[in-house]
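Let's work through a few exercises together. Have a look at the chain first, then try each task before reading its solution.

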Amino acid sequence: MISLPAECVLRKATSEDIWSIRLLVLRAALDPTQIRWQQFWVIECKGQIVACGQLRNFSRVQELGSLVVLPAWRGRGLGRILTQHLIHQATLPLYLECLGQQLAQFYSRFGFTPVAFENLPPSLKRKFGISQLGKKLIRIPVVFMHYDQ
């Protein structure tokens, strides 16, 4: 089992974290439109937010999203710790979308399996519709996944 480095803490985000979260999400070129600090968990190391992730609430489902670890902090298990924590925080069926097979393989280690766009819940079809369009038109390698408990 991997544990956080001694100088790090996993905690619920506060309103003071919003700009650090936005910067992490923008640097990772992720969707910045649904950033609500209340949905985020962060890993803070030596007073700096080095990782974040959120659980977005939709009708009867949740989405694990905006999972980012600063490049300088990668390879230390922070993404794994944060992913496991978010899975355990989920109270509804859990889904995500990710780019490429490498990320899909990362999430499959936690029990996520690919799901066809057609089989997504209606509330997520609306949210993931643009990604699906990009996948069909310009072959963006997006993968939709469901957590199999």
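**Exercise 1: the second helix**

Work out which residues of H2 are buried (under 20% relative accessible area, with a 1.4 Å probe and protein chains only).

Solution. Go along H2 and you'll find Leu78, Gly79, Ile81, Leu82, Thr83, His85, Leu86 and Ile87 buried. Helices here are DSSP runs of H or I with at least four residues, strands are E runs of at least two, and both are numbered from the N terminus. By the way, this is a predicted model, where local features need pLDDT of at least 70 and side-chain atom pairs count only at 80 or more, while totals for chains, interfaces and linings use all residues. Residues are numbered from 1 along each chain, and side-chain values use heavy atoms, without hydrogens or water.

**Exercise 2: checking a span**

Compare the expected span of H2 (residues 78-89) with the distance between its end C-alpha atoms.

Solution. The rule is 1.5 Å times one less than the number of residues. For the 12 residues of H2 that gives 16 Å, and the end C-alpha atoms are 16 Å apart, so the two agree.

**Exercise 3: the sheet**

Find the strand order and the edges.

Solution. Strands pair if DSSP finds at least two bridges between them. The open sheet of seven strands reads E1-E2-E3-E4-E5-E7-E6, with mixed pairing. E1 (8-12) and E6 (112-114) each have a single partner, so one side of each lacks a neighbour in the sheet. Elsewhere, E5 (residues 94-99) and E7 (residues 142-147) run antiparallel, joined by five bridges. Leucine 96, for instance, has methionine 145 in E7 as its bridge partner.

Definitions and conventions: Buried means under 20% relative accessible area, exposed over 50%, partly exposed in between (1.4 Å probe, protein chains only).
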